[in-house]
Amino acid sequence: MSTGVLVARKIAQISDDNREFVLAAVIIAKSDPRFFSGTARSSSSEATDRKSLVARGVLTLTLRDSDRDTINCTIWGKADSIAHYDNSFEVGDVVDVHKPQVSSTMYCRSEQYSPTVTSLYGLTINEQSPSSQIIHHEGTHLQTLKSLLKVPPVRAEETIPLADIVASGAGCKGETFNVLVVVRAVRPRKEIRINRTNQLKSFREVVLMDQSHAGVLIKFWSESYCKRADAWVPLSTVLLIVDVRIEFSEYYKTTGLAVDRKTIITQDPNLPQVDSLLRHAKNIPMQDVDIVCSLSSGTVDPATINTIMTVQQILDRTDGDLVTEDDQFTALCYAVITRLDLDGPSRTASQRCVHCRTLLRGQEQCCPKLDCLGHTIPALETFFDLAVDLTDHTGTLHGCRMVGGAAETVLRCDVKTFLSKTDSQKAELKWMYLLD
């Protein structure tokens with residue numbers, strides 16, 4: 001029997017015999033709402049058995065009220081009610097949950113599709129109990145509860161390096177792991193049309209990195225996560241992602257990550273490993289075509305490359321990435337050369353150390369590496385270093401580098417012979433390919 005008095009309870013105090021209570025907590029995860037057709041009895045007294053279809057929905061919020069305690073709260077109701085909850089609450093909001101139903105999760109199958117929590121119970125809000133509701137918290141504990149957003153759901157030792165995920169390839173597709181990563185790049189929203197519903201669906205891609213790997217892509221289809229990504233600062237925001245799902249992208253031809261209903265993302269978690277991760281991110285080399293040139297030393301046999309990609313696929317995969325050795329991937333791209341500046345002001349040749357193959361910059365006359373023999377006894381080689389644009393039916397790759405032996409094969413001359421040519425001879429050679 002209801003007493004009409006609401007008792008404030010903590011998650012740790014909840015049991016299945018609780019009824020009249022209110023819980024104050026911060027939202028640490030929110031699922032996308034799911035909508036479906038339900039049935040409801042007609043209100044007509046003349047047709048009490050007649051049923052009509054009613055759009056209904058469900059939404060799950062994961063709540064925390066202490067460093068240790070978390071619980072899931074599932075909201076059931078008509079579609080407009082669920083849409084209202086979805087639009088009203090986001091991760092980071094502090095809420096009061098009034099008079100929820102409490103049930104044990106021990107044998108509840110729905111918990112398999114919700115974030116992992118510490119509580120043995122789950123909360124339910126539905127329209128069958130009009131007094132049950134969730135509202136924004138306005139009490140004195142607002143800031144204390146907000147600070148719990150940075151509490152990590154798992155220990156750092158329970159995460160795995162990105163390099164291990166990438167090395168698994170398609171073998172771990174569908175499995176979930178925990179990762180501690182830095183946001184490397186946030187790509188703009190994109191939209192695609194869903195064939196089944198003919199509706200436009202927006203998604204967002206974010207490039208993640210850690211100390212083991214320079215860049216792995218995660219895709220967000222959730223509107224909530226798409227909004228949260230607006231606040232993520234490349235090379236400054238750290239994410240602890242719990243139960244992230246591994247995917248193999250046929251479009252990008254590489255291993256990537258995705259979120260599902262069990263995923264929890266904690267931004268800038270309170271972990272000692274965060275500082276070293278940020279130091280690593282700040283010290284990585286920025287994008288530089290000279291680095292690409294230095295790395296492209298002909299170590300990959302083109303005959304071993306089987307992946308075919310269009311220009312657009314290459315652009316999508318590399319957009320926002322920084323260039324390091326770990327970022328390299330190989331692909332066949334069928335394209336035509338649309339820029340080849342052989343007779344203009346662009347650089348056509350560069351020099352590198354014979355001993356360590358380090359690229360020389362500017363007016364350097366010896367190897368810049370102090371521990372290399374080439375620093376005291378210069379031994380340099382000159383090689384082709386051409387800027388080209390490649391174009392296919394999907395777009396253009398600007399600022400590509402055609403270097404070394406590849407350029408010699410295309411131009412059918414070595415670099416020494418090319419440099420001895422006059423400007424008119426170089427122009428004639430250029431137009432042989434641009435007009436071919």
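**Buried residues in a predicted model**

Let me begin with a cysteine, Cys73, which counts as buried because its relative accessibility is 0%. Please keep in mind throughout that this is a predicted model. A second cysteine, Cys226, is buried as well, with a relative accessible area of 0%. When we see cysteines, we may want to ask how many disulfides the structure holds. The count is zero.

Cys226 also brings us to its neighbour Arg204, since Cys226 is one of the residues that Arg204 touches. Arg204 lies in strand 12, which runs over residues 200-209. Is this arginine buried or exposed? Its relative accessibility is 10%, and because buried means under 20%, Arg204 counts as buried. Now let us look at what surrounds its side chain. Leaving aside residues up to four places away in sequence, Arg204 touches, among others, Val186, Arg187, Pro188 and Arg189, and also Ile218, Lys219 and Phe220, together with Ala229 and Asp230. Two of these neighbours deserve a further word. The side chain of Arg204 makes a polar contact with the side chain of Asp230, at 2.6 Å, and a polar atom of the Arg204 side chain lies 2.9 Å from the backbone oxygen of Arg187.

My next residue is Thr62, which is found in strand 4, residues 51-64. With a relative accessibility of 1%, Thr62 counts as buried. Which side chain makes a polar contact with the side chain of Thr62? It is that of Asn72, and the distance is 2.8 Å. Thr62 also touches Ala29, and although these two residues are 33 residues apart along the chain, their C-alpha atoms are separated by 5.0 Å. The other residues that Thr62 touches, again without those up to four places away in sequence, include Val26, Ile27 and Ile28, as well as Ile71, Pro115, Val117 and Ile264.

Finally, I would like to turn from single residues to helix 9, which spans residues 404-411 and in which Gly404, Ala407 and Leu411 are buried. Why do these three lie on the same side of helix 9? They do so because they cover an arc of only 70° around the axis. What covers the buried residues of helix 9 includes two strands, strand 19 (380-392) and strand 20 (395-403), and also helix 11 (423-434). If you follow the chain onward from helix 9, you come to Arg412, whose phi is positive, near 60°.

Technical notes
Residues numbered from 1 in each chain as written. Predicted model: local features only at pLDDT ≥ 70, side-chain atom pairs only at ≥ 80, totals over all residues. Heavy atoms only, no water. Buried < 20%, exposed > 50% of the residue type's maximum accessible area, 1.4 Å probe, protein only. Helix = DSSP H or I, 4+ residues; strand = E, 2+ residues; numbered from the N terminus. Arc of directions from axis to C-beta. Contact = heavy atoms within 4.5 Å. Polar contact = N/O pair within 3.5 Å; in protein donor to acceptor, adjacent residues only side chain to side chain. Disulfide = S-S within 2.5 Å.
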